[in-house]
Amino acid sequence: MASIAMSTTTEEGGASGLSWTRRLFSCSGSKTSRQASSPSSGRQATTESPAEAPCSPETTSSSVTESAELESWGTSSPKSPLDVNFGRRCKGTYEHGKERSLSRSEDDDVQWLKAESNKTLAMLELAAHGTIDLTLDVPEIRDEPEFTCERFLRGFQYNRAKSLKNLEGYVMWRSNTSKVEEADIKESLRARKVFLLQDRDRRGGPVCVILARNHDRFRTTVEETVKLLTYSLDRTIGTMDPSLGATQATVLLDLDGLGWRSLDVEALKHIMLFFQNYFPERVSTAVFWKAPRVFGTIWALVRPFLSEATRSKILFASTTQELGTIVEEANLPGMFGGAAGNNTMVAIDSSAIDEKDLLGGWRSVVAGEE
């Protein structure tokens with residue numbers, strides 16, 4: 001696992017602190033002539049290293065101009081209503097089982113972000129003297145570059161600067177985070193907090209159920225909670241088949257029976273920012289099921305940290321009919337008022353999830369496991 005010491009931020013905006021790499025790129029000639037080393041301290045990522053060659057006045061001026069252009073691109077999206085009916089249509093991602101086309105301006109944004117993110121990866125690998133390969137830590141950049149870039153652009157309303165900033169932050173987070181093993185989250189897995197439904201939501205995506213009442217803030221650290229989220233979301237995404245329209249999941253946060261030991265403001269804040277900054281457009285709807293009155297106080301503290309786009313994905317539901325707008329009632333377990341059995345909820349660490357086929361046919365495997 002590659003590891004690069006850089007300052008990262010998980011608060012709103014998801015900064016990744018890569019200004020020194022942009023300076024390195026602008027001050028270097030050809031790729032073979034770059035001899036700069038990484039900063040001596042990871043917490044001084046924005047400070048020029050003594051080993052770097054100084055920029056010439058001409059290069060510095062050009063770099064400032066280019067930076068200003070990038071900022072201007074980010075503050076106002078080039079997207080125009082006219083683009084929907086003008087120019088070529090570009091291949092996009094799948095949505096609701098049908099291929100979603102991109103307008104010309106959207107495709108231009110995707111190609112720009114793809115080029116800029118590749119440039120960042122190259123600069124980071126260069127700073128490590130070619131001893132790491134970040135595409136191994138972030139395989140979606142290599143395997144699905146257009147789809148990944150489109151997710152970040154859509155997640156940040158096609159603001160180029162914010163999309164690039166958060167994509168860089170995601171790459172840095174992945175490169176500095178070891179793969180989560182079950183041994184790292186034994187307490188959370190033993191508490192049975194996260195499950196997958198055997199059936200899909202109305203969009204064709206998986207349904208991830210989080211039982212908040214099984215969380216104990218006195219026994220589980222925020223760090224372990226983040227690891228559990230990483231583990232759970234990676235496994236949930238692994239059950240998706242984009243060709244069938246499954247590129248987003250429903251997250252069902254069950255707050256019924258929530259006790260005071262489970263009321264964790266920091267955990268909720270990290271959950272929401274985690275989805276917003278690192279996994280944009282991977283969650284179609286986050287359902288808060290039967291939130292008690294005291295939860296309103298916690299939500300009031302967390303809500304200001306979230307973007308409007310993230311808040312728009314939140315659904316507070318207290319009846320089966322309301323929940324049925326997201327998941328068919330026939331597919332909902334009895335504990336949510338549905339017709340399916342509670343045993344149709346599969347623990348997130350179940351081997352049945354690993355044994356699924358590419359079409360999501362792991363339901364038959366689970367049925368045989370019961």
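In what order do the six strands of the open sheet run? They go β7-β6-β5-β4-β3-β8, and the pairing is mixed. Keep in mind that this is a predicted model, with a mean pLDDT of 73 for the protein chain. Besides the sheet, two helix crossings are worth a look: α7 with α10, and α3 with α6.

**How far to trust it**
- Of the chain's residues, 67% reach a pLDDT of 70 or more.
- Residues 2-98 are a weak spot, with pLDDT below 50; even so, this stretch has 172 contacts in the model beyond near neighbours in sequence.
- Residues 357-370 also sit below 50, and there the count of contacts beyond near neighbours in sequence is 23.

**The sheet**
- The edges belong to β7 (314-317) and β8 (345-347). Each has a single partner strand, so one side of each is left without a neighbour in the sheet.
- Going from one strand to the next, the twist averages 25 degrees.
- Strands in a sheet are held in pairs by backbone hydrogen bonds, in either a parallel or an antiparallel sense.
- β4 (residues 207-211) and β5 (residues 249-254) take the parallel option, over five bridges.
- To find your place in that pair, look for Val 207, which stands opposite Thr 250 in β5.

**Helix α3 and its crossing with α6**
- α3 covers residues 104-127, which is 24 residues. At 1.5 Å a residue it should span 34 Å, and its end C-alpha atoms are 35 Å apart, so the two agree.
- After α3 comes His 129, with a positive phi near 60 degrees.
- The axes of α3 and α6 (residues 145-155) come within 9 Å and cross at roughly 105 degrees, which means α3 is roughly perpendicular to α6.
- On the α3 side, Asp 109, Val 110, Gln 111, Leu 113, Lys 114 and Ser 117 do the touching; their counterparts in α6 are Pro 145, Glu 146, Cys 149, Glu 150, Phe 152 and Leu 153.
- By type, this contact has six nonpolar, two polar and four charged residues.

**Helix α7 against α10**
- α7 (residues 160-175) packs on α10 (residues 265-278) at about 110 degrees, with the axes 9 Å apart. Because of that angle, α7 counts as roughly perpendicular to α10.
- α7 brings Asn 166, Gly 169, Tyr 170 and Trp 173 to the contact, while α10 supplies Phe 274, Asn 277 and Tyr 278.
- What kinds of residues make up the contact of α7 with α10? There are four nonpolar, three polar and no charged ones.

Technical notes: Residues numbered from 1 in each chain as written. Predicted model: local features only at pLDDT ≥ 70, side-chain atom pairs only at ≥ 80, totals over all residues. Heavy atoms only, no water. Axes fitted to C-alpha atoms, helices over the stretch in contact; angles between N-to-C directions. Helix = DSSP H or I, 4+ residues; strand = E, 2+ residues; numbered from the N terminus. Parallel < 35°, antiparallel > 145°, perpendicular 65-115°, else oblique. Contact = heavy atoms within 4.5 Å. Nonpolar A, V, L, I, M, F, W, Y, C, P; charged D, E, K, R; others polar. pLDDT = per-residue confidence, 0-100. Pairing = 2+ DSSP bridges. Expected span 1.5 Å × (residues − 1).
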